[in-house]
Amino acid sequence: MAEWLFSGDNWMPLYRRYPETWRSSGPNYSEKGGIIFATIFAFISAALFFLVLCITGVHGWVVPCAVALLLWMIVPVPLLFTLSFFMKYPRALALVHATGWLLKLVIFTVAFAVFRL
């Protein structure tokens, strides 16, 4: 749901601003493979996040929230905003995708905290 909310049809005008940046939408093009990969990737990301927190023996809410925030500031934020500086990629879209990643990490954190209680 987070992926659709922050990367889906709601933001289509931003995707269409620079159509040459995105994949072709020709007659044989299908987004099914990308959607499946993005879904699997989100589950793998959640599993790895859980694994790191479990290995370190973390309990509660505070440390997982701090780890999620640090991970967000270290990985997706610099990557997405760097893309927006060097590619035809709207900065507003970078902000939307970065917010989506933050939401996913918050969901992972809440799930971990509930799982570990």
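The following exchange goes through the terms used for this predicted model.

Colleague: What makes a residue count here, and how is it numbered?

Modeller: The model is predicted, with local features needing pLDDT of at least 70 and side-chain atom pairs counting only at pLDDT 80 or more, while totals for chains, interfaces and linings use all residues. Residues are numbered from 1 along each chain as its sequence is written, and side-chain values use heavy atoms, with hydrogens and water left out.

Colleague: How do you know how many helices and strands the protein chain has?

Modeller: Helices (H or I, at least four residues) and strands (E, at least two) are DSSP runs, numbered from the N terminus. On that basis the protein chain has six helices and zero strands, and its elements run α-α-α-α-α-α from the N terminus on.

Colleague: Why is serine 45 called buried or exposed?

Modeller: Buried means under 20% relative accessible area, exposed over 50%, and partly exposed in between, with a 1.4 Å probe and protein chains only. Serine 45 has 17% relative accessibility, so it counts as buried. Serine 45 lies in helix H3, where Ala46, Phe49 and Leu53 are buried too.

Colleague: Why is phenylalanine 49 given its class?

Modeller: Its relative accessibility is 5%, and therefore phenylalanine 49 counts as buried. Phenylalanine 49 is also found in helix H3. For the protein chain, 26% of the 117 residues count as buried.

Colleague: What do serine 45 and phenylalanine 49 touch?

Modeller: Contact means heavy atoms within 4.5 Å. Leaving aside neighbours within four places in sequence, serine 45 is in contact with Trp101 and Phe108. With residues up to four places away not counted, phenylalanine 49 touches Pro64, Val67, Ala68, Leu71, Leu105, Phe108 and Thr109. One of these partners, leucine 105, is 56 residues from phenylalanine 49 in sequence and 8.6 Å away in space, C-alpha to C-alpha. For H3, the buried residues pack against H4 and H6.

Colleague: What makes a set of residues a nonpolar core, and which members of the largest one touch the most others?

Modeller: A nonpolar core is a set of buried Ala, Val, Leu, Ile, Met, Phe, Trp, Tyr and Cys residues joined through side-chain atoms within 4.5 Å. The largest has 14 residues, of which Phe49, Leu53, Leu80, Tyr89, Leu105 and Phe108 touch the most other members. Helix H3 (32-55), helix H4 (62-74) and H6 each supply at least two residues of this core, and H6 gives the most, with six residues.

Colleague: How do you know what span to expect of H6 and H3?

Modeller: The expected span is 1.5 Å times one less than the number of residues in the helix. Helix H6 (residues 91-116), with 26 residues, reaches 37 Å from its first C-alpha to its last, close to the expected 38 Å. H3, with 24 residues, reaches 34 Å between the corresponding atoms, close to the expected 34 Å. Just after H3, glycine 57 takes a positive phi of about 75°.

Colleague: Why are H4 and H5 described as parallel or antiparallel?

Modeller: Axes are lines fitted to C-alpha atoms, for helices over the stretch in contact, and angles run from 0 to 180 degrees between N-to-C directions. Angles under 35 degrees count as roughly parallel, over 145 as roughly antiparallel, 65 to 115 as roughly perpendicular and the rest as oblique. H4 and helix H5 (residues 76-86) pack at about 25°, with axes 3 Å apart. H4 and H5 are therefore roughly parallel to each other. Leu71, Trp72, Met73 and Ile74 in H4 meet Pro76, Val77 and Pro78 in H5.
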